[in-house]
Amino acid sequence: MNLLREQSRTRPISPKEIERMVGIIHRKFSSIQMQLKQSTCEAVMILRSRFLDARRKRRNFNKQATEVLNEYFYSHLSNPYPSEEAKEELAKKCAITVSQVRGQTRVT
């Protein structure tokens with residue numbers, strides 16, 4: 001707003017133009033804020049996973065199944081709960097049952 005006010009000294013700027021520019025800035029800020037939140041969540045989840053993997057001696061699923069489920073989780077951080085169709089697809093990819101996918105998504 002201050003920058004636009006400064007510019008209005010050299011050229012006329014309508015209130016509508018100011019409102020439009022502020023809207024653009026707010027949208028850009030929101031987008032950057034969302035990206036920052038997502039990358040922070042991803043980093044925290046990776047660290048958490050590494051910490052738990054270091055502590056955990058046994059696994060409920062084989063390494064490939066765990067990787068597939070974690071990949072799904074990390075790529076869907078904004079909504080990590082898969083639909084029924086996605087659960088069935090994950091179960092097939094991991095060679096586990098749909099109920100095991102349900103249990104794993106709640107834990108992750």
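The following paragraphs describe the helices of a predicted model, with attention to helix α4 and its surroundings.

The chain contains five helices and zero strands, and its elements run α-α-α-α-α from the N terminus on. Of the 108 residues in the chain, 24% are buried. Among contacts between residues at least 6 apart in sequence, 43% join residues at least 24 apart. The mean pLDDT of the chain is 84, and 89% of its residues reach 70 or more. Confidence varies along the chain: α4 has the highest mean, at 93, whereas helix α5 (residues 98-107) has the lowest, at 71. Where pLDDT is low, the predicted coordinates should not be read in detail.

Helix α4 spans residues 84-94, and its buried residues are Ala 86, Lys 87, Leu 90, Ala 91 and Cys 94. When the helix is seen down its axis, these buried residues fall within an arc of 140°, and they therefore line one face of α4. The spacing of such positions can be understood from helix geometry. An α-helix has 3.6 residues a turn, so residues three or four places apart point the same way. The face of α4 turned away from the buried side carries the exposed residues Glu 85, Lys 92 and Lys 93.

One of the buried residues of α4 is a lysine, Lys 87. The relative accessible area of Lys 87 is 12%, and the residue counts as buried because this value is under the cut-off of 20%. Apart from its neighbours within four places in sequence, Lys 87 is in contact with Pro 82, Val 98, Val 101 and Arg 102.

The packing of α4 against helix α3 (residues 63-75) was then examined. Two packed helices are described by the angle between their axes and the distance between the axes. The axes of α3 and α4 come within 9 Å and cross at roughly 150°. Because this angle is over 145 degrees, α3 is roughly antiparallel to α4. The crossing in which α3 passes α4 is right-handed. On the side of α3, the contact is made by Ala 65, Val 68, Leu 69 and Tyr 72, and on the side of α4 by Ala 86, Leu 90, Lys 93 and Cys 94. Three of these α4 residues, namely Ala 86, Leu 90 and Cys 94, are also buried, whereas Lys 93 is exposed.

Within α3, Ala 65 counts as buried, at 2% relative accessibility. The C-alpha atom of Ala 65 lies 8.2 Å from that of Ile 96, although the two residues are 31 apart in sequence.

Helix α4 is followed by Ala 95, which lies in the loop between α4 and α5. The phi of Ala 95 is positive, at about 60°, although the residue is not a glycine. With a relative accessibility of 68%, Ala 95 counts as exposed, because this value is over 50%.

Beyond this loop, Gln 100 has its place in helix α5. The relative accessible area of Gln 100 is 33%, and the residue is thus partly exposed. The C-alpha atoms of Gln 100 and Asn 60 are separated by 9.7 Å, while the residues are 40 apart along the chain. The placement of Gln 100 is to be read together with the mean confidence of 71 for α5.

Key:
Residues numbered from 1 in each chain as written. Predicted model: local features only at pLDDT ≥ 70, side-chain atom pairs only at ≥ 80, totals over all residues. Heavy atoms only, no water. Buried < 20%, exposed > 50% of the residue type's maximum accessible area, 1.4 Å probe, protein only. Helix = DSSP H or I, 4+ residues; strand = E, 2+ residues; numbered from the N terminus. Arc of directions from axis to C-beta. pLDDT = per-residue confidence, 0-100. Axes fitted to C-alpha atoms, helices over the stretch in contact; angles between N-to-C directions. Parallel < 35°, antiparallel > 145°, perpendicular 65-115°, else oblique. Left-handed = near helix turned anticlockwise from the far one by under 90°. Contact = heavy atoms within 4.5 Å.
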